[in-house]
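Biologist: Hey, can you walk me through this one? I'm still new to reading structures.
Modeller: Sure, let me pull it up.

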Amino acid sequence: MMASTIFAQVRRISADVFQVPAERITAESSPETVEGWDSVQQLNLVLALEQEFGVQFEPEEMEQMKTVGAIVELVEGKVGGQVRA
Amino acid sequence: MAETMEDIDNGLRFHHVGYVVPSIRDAAENFARSMALEWDGRIIHDPRQTVLVSFFRPRAAGNPVIELVEPVGEESAVYRFLKRCGGLHHLCYEVDSLEKQLESCKARSDLIVRRPVPALAFDGRRIAWVYTRTKLLVEYLEK
């Protein structure tokens with residue numbers, strides 16, 4: 001799966017979960033910059049990602065989900081995507 | 001949350017409701033009065049969870065214990081939850097074995113959010129956190 005596609009999917013899912021326009025989600029987006037991103041909404045994001053990509057995340061991986069870019073890298077690592085330029 | 005036979009075998013028993021507030025001291029009197037709860041005034045700081053917690057026990061048998069949770073600093077896991085809405089946060093169940101419970105949760109495809117760690121609020125007894133597929137945050141407390 002192309003890395004840019006993964007980013008687009010993560011961006012769409014993040015926008016849905018945090019209820020913000022997708023254009024506002026960038027690789028640098030984080031709980032500090034996205035108002036609806038709290039600990040519980042992050043868990044909803046993980047559930048949505050697992051369903052979308054058919055993967056499972058470990059607690060240690062969830063702790064690494066500090067930005068959208070970090071999430072994309074984690075997903076890429078699981079589905080075999082390329083590193084996004 | 002649907003109980004399975006494995007859960008029942010693991011001694012699953014309801015323990016408390018967790019409720020996030022900006023200040024335990026400010027919320028205490030109102031909580032105690034409105035829900036007929038007793039409060040001993042003890043507030044525990046758990047640096048691992050980055051929260052203050054305090055327990056309110058029911059005067060009437062059968063009613064649940066309420067745990068008020070207050071974030072400590074902006075790095076607290078519940079800080080942003082409080083900023084967004086606060087309020088009802090989790091349910092806690094006591095179990096015989098956390099390992100057995102987490103295996104059962106994993107088999108149901110629930111998210112294991114935090115592996116077992118000792119908790120100061122429970123005198124060092126271990127807790128673990130799980131988020132169910134039905135979007136319920138559950139704390140498991142080992143007997």
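Biologist: What volume does the largest pocket have?
Modeller: About 1000 Å³. Keep in mind that this is a predicted model.

Biologist: Which residues sit closest to its centre?
Modeller: Those are A:Ser39, B:Ser76, B:Ala77, B:Val78 and B:Arg114, out of 39 that line the largest pocket.

Biologist: And which element gives the most to that lining?
Modeller: H2(A), with five residues. Sorted by class, the lining has 20 nonpolar, seven polar and twelve charged residues.

Biologist: OK, new topic. Which residues of helix H2 in chain B are buried?
Modeller: In that helix, residues 24–34, you'll find B:Ile24, B:Ala27, B:Ala28, B:Phe31 and B:Ala32 buried. They're on the same side of H2(B), because they cover an arc of only 130 degrees around the axis.

Biologist: What's on the face turned away from the buried side?
Modeller: Exposed residues: B:Asp26, B:Glu29, B:Asn30, B:Arg33 and B:Ser34.

Biologist: So what covers the buried ones?
Modeller: The cover includes four strands of chain B: E1 (13–20), E2 (37–39), E4 (51–58) and E5 (65–71).

Biologist: Cool. Which residues touch the most other members in the largest nonpolar core?
Modeller: That core has 49 residues, and the ones you want are A:Val10, A:Leu49, A:Phe53, A:Phe57, A:Ile71, B:Leu111 and B:Tyr131. Apart from it lies another core of twelve residues, including B:Phe31 and B:Ala32.

Biologist: Back to A:Phe57, what does it touch?
Modeller: Leaving out residues up to four places away in sequence, A:Phe57 touches A:Val46, A:Leu49, A:Glu50, A:Met62, A:Met65, A:Leu74, A:Val75 and A:Lys78.

Notes: Residues are numbered from 1 along each chain as its sequence is written. Chains are lettered from A and ligands numbered from 1 in the order in which they are written. This is a predicted model: local features need pLDDT of at least 70, side-chain atom pairs count only at pLDDT 80 or more; totals for chains, interfaces and linings use all residues. Side-chain values use heavy atoms; hydrogens and water are left out. Buried means under 20% relative accessible area, exposed over 50%, partly exposed in between (1.4 Å probe, protein chains only). Helices (H or I, at least four residues) and strands (E, at least two) are DSSP runs, numbered from the N terminus. The arc is that of the directions from the helix axis to the C-beta atoms. Contact means heavy atoms within 4.5 Å. A nonpolar core is a set of buried Ala, Val, Leu, Ile, Met, Phe, Trp, Tyr and Cys residues joined through side-chain atoms within 4.5 Å. On a 1 Å grid over the protein atoms alone, a cavity is a set of points where a 1.4 Å probe fits but cannot get out, and a pocket is an open set with protein on both sides within 12 Å along at least five of seven lines; lining residues have an atom within 4 Å of a point. Grid points are joined across faces, edges and corners, and a volume is the space filled by probe spheres set on the points. Ala, Val, Leu, Ile, Met, Phe, Trp, Tyr, Cys and Pro count as nonpolar, Asp, Glu, Lys and Arg as charged, and the others, Gly among them, as polar.
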